[in-house]
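This report deals with the pockets of one structure and the residues that line them.

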Amino acid sequence: SGMNLMDIFQKQWSQVCLDATAPQLDKLLGDLTPSTAVLGCVSPYYTQRYGFPESCKVVAFTGDNPGSLAGMRLQEGDLAVSLGTSDTVFLWIQDPKPSIEGHIFCNPVDCSAYMALICFKNGSFTRERIRDEFAGGSWERFSSALRNTPMGNNGNLGVYFDVMEITPPAAGVHRFNAEGQRVSSFEQEVEIRALIEGQFLAKRVHAEKLGYKIIQGTRVLATGGASSNKDILQVLCDVFNAAVYTIDVANSSCLGCAYRALHGLVAETGASFTEMLRNAPEPQLAVRPTPGAKEVYEPLMLRYAALEAQLLKDHQKSLNLLILSVNELQVLLCSGEFL
């Protein structure tokens, strides 16, 4: 499904996509296979060269991102947030809504479910820039600012795209006060909370656009460098109104492949991936939602979505004007008026 040639709802190749890509491509690709399928046993080569037993099974492969979902052992309603140079959100969803933003895959451990992946380019570098400019380079002062400012930041919102963002495709730093008016700057502590709230509101807005729903028992699994900061995690927890757990997995994709291999041996019996791994190490509870978080952030999320949509519209308008100017310049050059 990561090839974008598959009809994820019918679990078949999309003939329209195949025809647009190459002639007779379906014959080259072969049939689709569930990721839990056992394809057979290893070849005699591996038995003779490496000593694998002849009965060693081969389970269907998957991609690195679906492998990571398996390695982090997401369950229905869960999401994982990787807070690194770029921030990445993994989602377990039942009713996907495919969009030009983000990616929808078939779920690698449950054939009836789906997973989504969303990437945000402005991650840790932006957090570090704000730390350096507004907290004197100190993470302790940064954390203190989050503790000393209220949920919702008294209505002050910020969008921080230091470089061209992936989700959505826009750039620039934009600040809005409680009345929705643009402002040039915030006070130091307000600036820090505006950044963190804005980043996590964006993640929830775009997750829900793809069909994600917070349900009873939803967990947020946090990993990456910023997941060691409890005050940042508290904002994440409050925005999603769900408990945040931390996971210490150096290579979740490789671990997920090992888990999937184990599950593949018993999948035909009806055993679920979760049941199979019930004795695996559990993530550690980090923070729980602050009372009243839902009442603060649900309306703020709607406001953030509207502001981001307007910024995207303005960005596209500016881009169209730039294209128009370039075209006019080409006309002038071709006409010889600059000679």
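The text below takes the two pockets in turn and ends with a table.

The model is predicted, with local features requiring pLDDT of at least 70 and side-chain atom pairs pLDDT 80 or more, while totals for chains, interfaces and linings use all residues. Residues are numbered from 1 along each chain as its sequence is written, and side-chain values use heavy atoms, without hydrogens or water.

The largest pocket (an open set of points on a 1 Å grid over the protein atoms alone where a 1.4 Å probe fits, with protein on both sides within 12 Å along at least five of seven lines) has a volume of about 740 Å³. Its lining (residues with an atom within 4 Å of a point) has 25 members, of which S1, L32, T33, S35 and F61 are the closest to the centre. Both α4 (64–71) and β7 (103–106) supply at least two lining residues, and α4 gives the most, with three. Helices here are DSSP runs of H or I with at least four residues, and strands are runs of E with at least two.

The second largest pocket is lined by 15 residues, and those closest to its centre are S1, N4, I8, P98 and I104. Two or more residues come from each of β1 (6–7) and β7; β7 gives the most, with three.

In the table, volume is the space filled by probe spheres set on grid points joined across faces, edges and corners. Ala, Val, Leu, Ile, Met, Phe, Trp, Tyr, Cys and Pro count as nonpolar, Asp, Glu, Lys and Arg as charged, and the others, including Gly, as polar.

| Pocket | Volume | Lining residues by class |
|---|---|---|
| Largest pocket | about 740 Å³ | 14 nonpolar, eight polar, three charged |
| Second largest pocket | about 310 Å³ | eight nonpolar, six polar, one charged |
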